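Subject: Structure for your review

Dear colleague,

Please find below the sequence and the structure that I am handing over to you. My findings follow directly after it.

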Amino acid sequence: MDADAPITIRGLNHYFGQGQLKKQALFNIDLEIQRGEIVIMTGPSGSGKTTVLTLVGGLRGVQEGSLKVLGQELCGANEKQLIQTRRNIGFIFQAHNLLNSLTVRQNVQMTLDLQENSVDEQAEANILTAVGLGERLDYYPENLSGGQKQRVAIARALVTRPQVILADEPTAALDSKSGRDVVQLLQNLAKEQGCTILLVTHDNRILDIADRIINMEDGKLGGSDTVAGYVATHDPKSLDRRMFIESTGTA
Ligand SMILES: Nc1ncnc2c1ncn2[C@@H]1O[C@H](COP(=O)(O)OP(=O)(O)OP(=O)(O)O)[C@@H](O)[C@H]1O
Ligand SMILES: [Mg+2]
């Protein structure tokens with residue numbers, strides 16, 4: 001076990017409901033993710049992917065087992081410790097959760113305002129330029145495309161330079177080109193900042209950004225695989241091989 005791994009999960013179980021209705025959603029999950037690693041989690045609907053992500057993010061309480069995020073044990077952690085952990089995590093969800101009454105710049109600025117540590121004043125403009133929205137700082141979300149909104153969400157998640165990024169179906173609402181662009185952007189920025197990514201997706205078109213692919217099934221974590229191994233063992237009809245060809249940079 002690597003003490004420096006930003007995410008270490010051991011024997012994690014999770015249950016929903018109580019009494020007769022109590023149902024186990026996660027079974028004995030073991031997982032370690034290294035610094036700078038990009039891990040993609042796949043698996044059928046209802047297999048427990050979002051549950052894992054919300055537990056890692058300190059968004060729900062850990063019931064059983066051990067879950068260490070950035071050195072903090074989240075099983076038995078108090079609210080203050082959970083908040084502190086969340087501060088070091090960037091969240092990106094399918095529904096980008098932008099505030100419609102705020103401009104692009106204000107949506108990103110808001111995350112900085114929630115942080116105690118001081119960040120340079122131009123940070124939000126810089127990161128929005130990096131995601132290609134430098135010209136749209138004063139736009140409102142309603143005047144952006146789906147891909148552009150998701151880029152704002154990525155800028156918002158990255159602006160505080162989090163050590164860990166958790167993304168749940170970040171491309172689900174996007175067409176294939178915007179989905180691909182957004183994820184590539186995420187990969188580039190994350191590699192630059194050296195942060196660790198755990199990304200849930202059903203989207204076979206983005207698997208090649210992963211260092212490792214893991215699979216959830218019925219609340220259990222199956223073996224992990226490299227992208228090449230994953231491609232070799234899955235039905236080729238379900239994979240779009242074009243997406244595994246190196247981008248030429250003209251996109
Ligand atoms: N708040 C909740 N209350 C009760 N059961 C829940 C709750 N959240 C999730 N579950 C159940 O836990 C299991 C795992 O759900 P989860 O949302 O983690 O799946 P998922 O893999 O993210 O699915 P999807 O791909 O559809 O998003 C499912 O059986 C689900 O019904
Ligand atoms: Mg889910």
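Leaving aside its neighbours within four places in sequence, which residues is Thr-196 in contact with? The answer is given further down, after some general remarks.

Please note that the model is predicted. The protein has 251 residues, of which 37% are buried. Its secondary structure consists of seven helices and 10 strands. Among contacts with a separation of 6 or more, 70% join residues that lie 24 or more positions apart.

To return to the question, the contacts of Thr-196 outside its neighbours within four places in sequence are Pro-6, Ile-7, Ile-33, Arg-35, Gly-36, Glu-37, Gln-163 and Val-164. Thr-196 belongs to strand β8, which covers residues 196-200. Thr-196 counts as buried because 24 C-beta neighbours lie inside 10 Å, and the cut-off for a buried residue is 20 or more. With Gln-163, one of these contacts, the C-alpha to C-alpha distance is 6.2 Å, although 33 residues separate the two in sequence.

The sheet

Strand β8 is also part of an open sheet of six strands, whose order is β6-β7-β8-β3-β9-β10 and whose pairing is mixed. At the edges stand β6 (89-93) and β10 (220-225), each of which pairs on one side only. From one strand to the next, the twist averages 20°. As general background, the strands of a sheet pair through backbone hydrogen bonds, in either a parallel or an antiparallel sense.

Three of the pairings may be described in turn. Edge strand β6 is parallel to strand β7 (residues 164-168), and five bridges connect them. Within this pairing, Ile-89 has Val-164 of β7 as its bridge partner. Val-164 also appears among the contacts of Thr-196.

Strand β3 (residues 38-42) and strand β9 (residues 212-217) are likewise parallel, with four bridges. Here Met-41 is found opposite Ile-214 in β9.

Strands β9 and β10, by contrast, run antiparallel and are joined by four bridges. Glu-217 stands opposite Lys-220 in β10. These two strands form a hairpin with two residues between them, and Asp-218 in the turn has a positive phi of about 50°.

The nonpolar core

The largest nonpolar core contains 58 residues, and Ala-155 and Leu-198 have the most contacts inside it. The element that gives the most to this core is helix α5 (residues 146-158), with six residues.

Which residues is Leu-198 in contact with, leaving aside its neighbours within four places in sequence? They are Ile-7, Ile-33, Val-39, Met-41, Leu-53, Val-56 and Leu-166. Ile-7 and Ile-33 are also in the list of contacts for Thr-196. Met-41 is the residue already mentioned as standing opposite Ile-214.

The ligand site

Ligand 1 is surrounded by Phe-16, Gly-17, Ala-25, Gly-43, Ser-45, Gly-46, Ser-47, Gly-48, Lys-49, Thr-50 and Thr-51. Helix α1 (residues 49-56) supplies the largest share of this shell, namely three residues. By class, the shell comprises two nonpolar, eight polar and one charged residues.

Individual residues

Two further residues deserve mention for their backbone angles. Arg-161, in the loop between α5 and β7, has a positive phi of about 50° although it is not a glycine. Is Arg-161 buried or partly exposed? Arg-161 counts as partly exposed, because 16 C-beta neighbours lie inside 10 Å, whereas a buried residue needs 20 or more.

Glu-169 lies in the loop between β7 and α6 (176-193). Its phi is near 50°, a positive value in a residue other than glycine. With 18 C-beta neighbours inside 10 Å, Glu-169 is therefore classed as partly exposed.

Finally, Arg-87 is located in helix α2 (residues 79-87). Arg-87 counts as partly exposed because it has 16 C-beta neighbours inside 10 Å. From C-alpha to C-alpha, Arg-87 and Leu-114 are 8.7 Å apart in space, with their positions 27 residues apart in sequence.

Yours sincerely

Conventions. Residues are numbered from 1 along each chain as its sequence is written. Chains are lettered from A and ligands numbered from 1 in the order in which they are written. This is a predicted model: local features need pLDDT of at least 70, side-chain atom pairs count only at pLDDT 80 or more; totals for chains, interfaces and linings use all residues. A nonpolar core is a set of buried Ala, Val, Leu, Ile, Met, Phe, Trp, Tyr and Cys residues joined through C-beta atoms within 7 Å. A residue is buried if 20 or more other C-beta atoms lie within 10 Å of its own, exposed if 12 or fewer, and partly exposed in between; C-beta atoms are placed from the backbone. Two residues are in contact if their C-beta atoms, placed from the backbone, lie within 7 Å. A residue is near a molecule or strand if its C-beta atom, placed from the backbone, lies within 6 Å of it. Ala, Val, Leu, Ile, Met, Phe, Trp, Tyr, Cys and Pro count as nonpolar, Asp, Glu, Lys and Arg as charged, and the others, Gly among them, as polar. Two strands pair if DSSP finds at least two bridges between them. Axes are lines fitted to C-alpha atoms, for helices over the stretch in contact, and angles run from 0 to 180 degrees between N-to-C directions.
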